[in-house]
Amino acid sequence: MDLDPDDVFRDDEDDPDNDLYLDRESTKELLVYLVDASPKMFSTTSLAGDQKDETHFHIALSSISQSLKTRIINSSYDEVAICFFNTREKKNLLDINGVFIFDVAEREFLDRPTARLIKEFDCVEERFVKEIGSQYGIVSGTRENSLYNALWVAQALLRKGSAKMADKRILLFTNEDDPFENIKGATKIDMTRTTLQRAKDAQDLGISIEILPLSWPDEKFNVSLFYADLIGLEGHPQFLVSTVEKLEDMKDQLRKRIFKKRIVKKITFSIANGLSIELNSYALIRPTLPGAITWLDSVSNRPLKTERSFICSDTGALLQEPPKRYQSYKNENITFSAEELSEIKRVTTGNLHLLGFKPLSCLKDHHNLRPSTFVFPSDEEVIGSTSIFIALHRSMLRLKRFALAFFGSSSRPQLVALIAQDEIISHGGQIEPPGMHMIYLPYSEDIRHVEEVYSYSNGATPKATDDQIMKAAALMNRIDLKDFSVFQFSNPALQRHYAVLQALALEELDIPETNDETLPDEEGMSRPAVVSALEEFKLSVYGDNDDVESELVDNGKASETSKKRKAVAENAVKECANFDWDDLADSGKLKDLTVVELKFYLTAHKLPVGGKKEALISRILTHMGK
């Protein structure tokens, strides 16, 4: 088999299986949704304004449903279980009272989420009272402890898999901040102790327990009464647990729990004189890609498995050994085994080697060509890594230096800059963790020279006047996006893709609408203050005859595009005069006009003409001050 040089020495950025795309450590998550089904969860919460009243049970179920739909897209290999406690009926592995595991046919209690699970779970609230039922599982005069039983069942479900290969979590939904409130005396002390011990046993097995508390408008959830000890917050009063009242707040809290930071790979950081520490690396930003295509059999609808065999061209026999590749050299074919090719491609061992330190002022913005990697120490294999890392981290912050290091992947060795980030704490919680960002520095050929300054044919170089600069700055201030973040905008093509998949999988009649957040804000751009700033900027740059000046070519003559645009504007002004726009706006008859007729007004008044008919009418009314 002939060698392909592009394949042998391909860069990591061209490889979809590189570290930015795949998690090398924990690639799966095992999660149990633990939902309190006591009668208190079914009490209606009164919301302010015209919002519809809803129960905490409905908020929890709706949030889990949305979480399952997101998880089946982002982390389809994760396994989940939905478990209710404080129930009348029982259905669980241990056959104990007060715990009911919701499941569907052809699926284990803890398994990957399926379309059938989501469809039937969306309807569980309607038949919950009849088929499952609700009751208090912790009441005075009985030793029954449904919370203890629920934690026991969840722990039994999460025995599946190794803690090193999967993250195991329990998400607890409840609005009862003191489950043993009605129990008194020694019984309360004993039940509290056994429940906390059950939670500690689960945590000792690598299972993390998180609580999503629901609160009332006039009564906040007090975590310190019981759950601070259960989830391991004792002795940390500065840690705050966000409580939830509305559905949107719960979805936001649950979304934060879904996107758990996972280790990309482990790196050995060689400092000096044989001293090395262990670092865990995290990809903070990575591209979102559609799921892999799965080919299905047209009859059975089962996934197809592709197999490839090599046949000898001389004998026609199947080759049992792996084929060898060759490269022609001086009329002779030089063969390579798979191991030899792997060794050829291995430029470095992949470790991180410290070269020295430089002032932070030496690092420029254009040196950051690709998303950085966040590194954090780990004592799992190299004891003392955290202590050495902290000493290095504090010194870099104090001296305002960054570390210059050599980092080599299998095919792309390069220099990197390690920038120390200090911890940021606000309102008793951590906003940014301490650690280092690994910036991938460019090669010399990646830095391009400044292009020649554009000049007119007469040799004069255009230069903005102070007035033009002032008008441009005023325009930028008017259209500046407040608190902008790239996370505010989702990929509309991907959203549409997943909306279609969801409709097909759940057999929905209508495809969910997707909002294209990347489209310009036409209403915002048509505000009088923005329009005024834009007109002043155009006037300062092009003068009174801006339509012609904006389309000038080198010979000073107006282009054909400018002439056509001017003719369209003149025709719009003429047609616009045939309508009584004030009367049409006051009588509500603008909707009776066609889109073309509405655009006459917009073009005549130099307003945007894009959008649907409703948007055009709204823009006209806004301009008229109606």
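Visitor: In what order do the five strands of the open sheet lie?
Guide: In this predicted model, the sheet is open and its pairing is mixed. Its edge strands, each pairing on one side only, are strand S5 (99–102) and strand S7 (207–213). The twist from one strand to the next averages 25°. The order of the five strands is S5-S4-S1-S6-S7.

Visitor: In which sense do strands S1 and S4 pair, parallel or antiparallel?
Guide: Strand S1 covers residues 28–36 and strand S4 residues 79–85. Within this pair, Tyr 33 stands opposite Ile 82 in S4. Seven bridges link S1 and S4, and their sense is parallel.

Visitor: What angle does the direction of H2 make with that of S1?
Guide: Helix H2 spans residues 56–74 and packs on the sheet. The strands that H2 touches are S1, S4 and strand S6 (166–174). The angle between the directions of H2 and S1 is about 165°.

Visitor: Is Ser 65 buried or exposed?
Guide: Ser 65 lies in helix H2. The cut-off for a buried residue is a relative accessible area under 20%. Because the relative accessible area of Ser 65 is 7%, this residue is buried.

Visitor: Which residue has a side chain in polar contact with that of Ser 65?
Guide: With neighbours within four places in sequence left aside, Ser 65 is in contact with Ile 118, Phe 121 and Asp 122. A polar contact of 2.5 Å joins the side chain of Ser 65 to that of one residue, namely Asp 122.

Visitor: Which helix gives the most residues to the largest nonpolar core?
Guide: The largest nonpolar core has 36 residues, and those with the most contacts inside it are Val 32, Leu 34, Tyr 227 and Leu 230. Elements that each supply at least two residues include S1, S4, helix H5 (146–157) and helix H6 (185–204). With six residues, the element that gives the most to this core is H5.

Visitor: Which residues does Leu 34 touch, not counting those up to four places away in sequence?
Guide: Leu 34 is among the residues with the most contacts inside the largest nonpolar core. With residues up to four places away in sequence not counted, Leu 34 touches Cys 83, Phe 85, Ala 150, Leu 151, Ile 170, Leu 171, Leu 172 and Phe 173.

Visitor: How many residues does the other core have?
Guide: This core lies apart from the largest nonpolar core. Among its residues are Val 35, Ala 60, Phe 100 and Leu 214. The number of residues in this other core is 28.

Visitor: What is the phi of Lys 400?
Guide: Most residues other than glycine have a negative phi. Lys 400 is found in the loop between helix H10 (385–399) and strand S14 (401–408), and this lysine is exposed, with a relative accessible area of 59%. Phi of Lys 400 is positive, near 55°.

Visitor: What is the relative accessible area of Lys 606?
Guide: Lys 606 lies in the loop between helix H18 (595–604) and helix H19 (613–624). Phi of Lys 606 is a positive value near 55°. The cut-off for an exposed residue is over 50%. Lys 606 therefore counts as exposed, with a relative accessible area of 52%.

Visitor: What is the helix content of residues 590–624?
Guide: UniProt, in an unreviewed entry, places the feature "domain: SAP" at residues 590–624. The end C-alpha atoms of this span lie 13 Å apart, and its strand content is 0%. The helix content of the span is 63%.

Visitor: Which residue has its backbone oxygen 2.9 Å from a polar side-chain atom of Ser 526?
Guide: Ser 526 is placed in the loop between helix H13 (522–525) and H14, and this serine counts as buried at 11% relative accessibility. Leaving aside neighbours within four places in sequence, Ser 526 is in contact with Val 531 and Arg 619. The backbone oxygen 2.9 Å from a polar atom of the Ser 526 side chain belongs to Glu 523.

Visitor: How far apart in space are Ala 529 and Leu 475, C-alpha to C-alpha?
Guide: Ala 529 has its place in helix H14 (residues 528–542) and is partly exposed, with a relative accessible area of 34%. In sequence, Ala 529 and Leu 475 are 54 residues apart. In space, their C-alpha distance is 9.3 Å.

Definitions and conventions: Residues are numbered from 1 along each chain as its sequence is written. This is a predicted model: local features need pLDDT of at least 70, side-chain atom pairs count only at pLDDT 80 or more; totals for chains, interfaces and linings use all residues. Side-chain values use heavy atoms; hydrogens and water are left out. Helices (H or I, at least four residues) and strands (E, at least two) are DSSP runs, numbered from the N terminus. Buried means under 20% relative accessible area, exposed over 50%, partly exposed in between (1.4 Å probe, protein chains only). A polar contact is a pair of N or O atoms within 3.5 Å; within protein, one must be able to donate a hydrogen and the other to accept it, and residues adjacent in sequence count only if both atoms are side-chain atoms. Contact means heavy atoms within 4.5 Å. UniProt positions are given in the numbering used here, feature names are shortened, and annotations may be inferred rather than shown by experiment. Two strands pair if DSSP finds at least two bridges between them. Axes are lines fitted to C-alpha atoms, for helices over the stretch in contact, and angles run from 0 to 180 degrees between N-to-C directions. A nonpolar core is a set of buried Ala, Val, Leu, Ile, Met, Phe, Trp, Tyr and Cys residues joined through side-chain atoms within 4.5 Å.
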